[in-house]
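Open the model in your viewer and keep the selection box ready. We will move from stop to stop, and at each one you will be told what to pick.

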Amino acid sequence: MVEVINRGKPTNPTLVLLPGLGLGPDLWEPHLDALTKNFRVVAPELPGFGSFSGRGPFRFDDAASFVADLIGDDRGAAFVCGLSLGALVALQLTVDHPGRVRGLVLASGIARPNPRRRTNSRRPSCTLCRLAG
């Protein structure tokens, strides 16, 4: 079973917290009491890690689709905060599912990747850079 923290009043705006590489939703535990006063907080583990490990390689588009599904259609757009790898997933979510993102906080992520590196991690940030001009 995939670990997802889901706390706070269902009527509050949704805040999605995405962890960094190798971290899980428990990263956010020390902050949940303060955040759940004003938000419904959803903090998942990312595909490819934790309970997801062994289910295939990590892909940004799969992770973004997973998060978009967590946000759902019925609650409107969410505020999304991503740390490190979670920041890149948040960027991919914004590019692939812009209607699901109401606000975006990127912590310790990259906006302009090293052009000499040719990895899957370049796709979301490069696309966002092109959109931003």
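**Stop 1: aromatic rings**

Start with the rings: there are two aromatic pairs to find. Keep in mind that this is a predicted model.

Select phenylalanine 39 and phenylalanine 79. Their ring centres are 5.8 Å apart and their planes stand at 80°. An angle over 60 degrees counts as edge-to-face, so this pair is edge-to-face. Now trace the chain between them. Phenylalanine 39 sits in the loop between H1 and S3, while phenylalanine 79 belongs to strand S4 (residues 78-83). The two are 40 residues apart, so the pair links distant parts of the chain.

Are these two rings buried or exposed? Neither word fits. Phenylalanine 39 is partly exposed, at 22% relative accessibility. Phenylalanine 79 is also partly exposed, with a relative accessible area of 26%.

Next, select phenylalanine 58 and phenylalanine 60. Here the ring centres lie 5.0 Å apart and the planes meet at 85°, so this is an edge-to-face pair too. Colour the two residues separately. Phenylalanine 58 is partly exposed at 21% relative accessibility. Phenylalanine 60 is buried, at 4%.

**Stop 2: strand S3**

Select residues 40-44. This is strand S3, and five of its five residues are buried, so the strand is largely enclosed by the rest of the structure. Turn the view to look at each face. On one side are Arg40, Val42 and Pro44. On the other side are Val41 and Ala43. Both faces are covered.

Which strands pair with S3? Add strand S1, residues 4-7. S1 and S3 are antiparallel and share four bridges. To see where they line up, pick valine 4: opposite it in S3 is proline 44.

Then add strand S2, residues 14-18. S2 and S3 run parallel, joined by three bridges. Threonine 14 has arginine 40 as its bridge partner in S3.

Follow the chain out of S2. It passes through helix H1, residues 29-35, before reaching S3. This β-α-β crossover is right-handed.

**Stop 3: threonine 14**

Zoom in on threonine 14, in strand S2. At 4% relative accessibility, threonine 14 is buried. What does its side chain touch? Show the side chain of arginine 40 as well. The two side chains make a polar contact of 2.9 Å.

Now widen the selection. Leaving aside neighbours within four places in sequence, threonine 14 is in contact with Arg40, Val42, Arg75, Ala78 and Phe79. You have met Phe79 already, in the ring pair with phenylalanine 39.

**Stop 4: glycine 22**

Move to the loop between S2 and H1, where you will find glycine 22. Glycine 22 is exposed, at 58% relative accessibility. Draw a line from its C-alpha atom to that of leucine 85. The line is 9.0 Å long, although the two residues are 63 apart along the chain.

**Stop 5: salt bridges**

Side chains of opposite charge can pair when their charged atoms come close. How many salt bridges does the whole structure hold? A search finds four.

Select glutamate 29 and arginine 7. They form a salt bridge, with the closest N and O atoms 2.9 Å apart. Glutamate 29 is in helix H1 and arginine 7 is in strand S1, 22 residues away along the chain. Glutamate 29 is partly exposed at 34% relative accessibility. Arginine 7 is partly exposed at 37%.

Next, select aspartate 73 and arginine 100. In this salt bridge the closest N and O atoms are 2.3 Å apart. Aspartate 73 lies in the loop between helix H2 (60-71) and S4. Arginine 100 lies in the loop between helix H3 (85-96) and strand S5 (101-107). The partners are 27 residues apart. Compare their surroundings. Aspartate 73 is exposed, with a relative accessible area of 64%, whereas arginine 100 is buried at 18%.

Last, select Arg59, Asp61 and Asp62. Salt bridges with shared partners join them into one network. In the bridge between arginine 59 and aspartate 62, the closest N and O atoms are 3.5 Å apart. Arginine 59 is partly exposed, at 39% relative accessible area. Aspartate 62 is partly exposed as well, at 40%.

Definitions and conventions:
Residues numbered from 1 in each chain as written. Predicted model: local features only at pLDDT ≥ 70, side-chain atom pairs only at ≥ 80, totals over all residues. Heavy atoms only, no water. Buried < 20%, exposed > 50% of the residue type's maximum accessible area, 1.4 Å probe, protein only. Pairing = 2+ DSSP bridges. Right-handed = clockwise from strand over helix to strand, strands pointing away. Phe/Tyr/Trp six-rings, centres within 6.5 Å; stacked < 30°, edge-to-face > 60°. Polar contact = N/O pair within 3.5 Å; in protein donor to acceptor, adjacent residues only side chain to side chain. Contact = heavy atoms within 4.5 Å. Salt bridge = Lys/Arg side-chain N within 4 Å of Asp/Glu carboxyl O.
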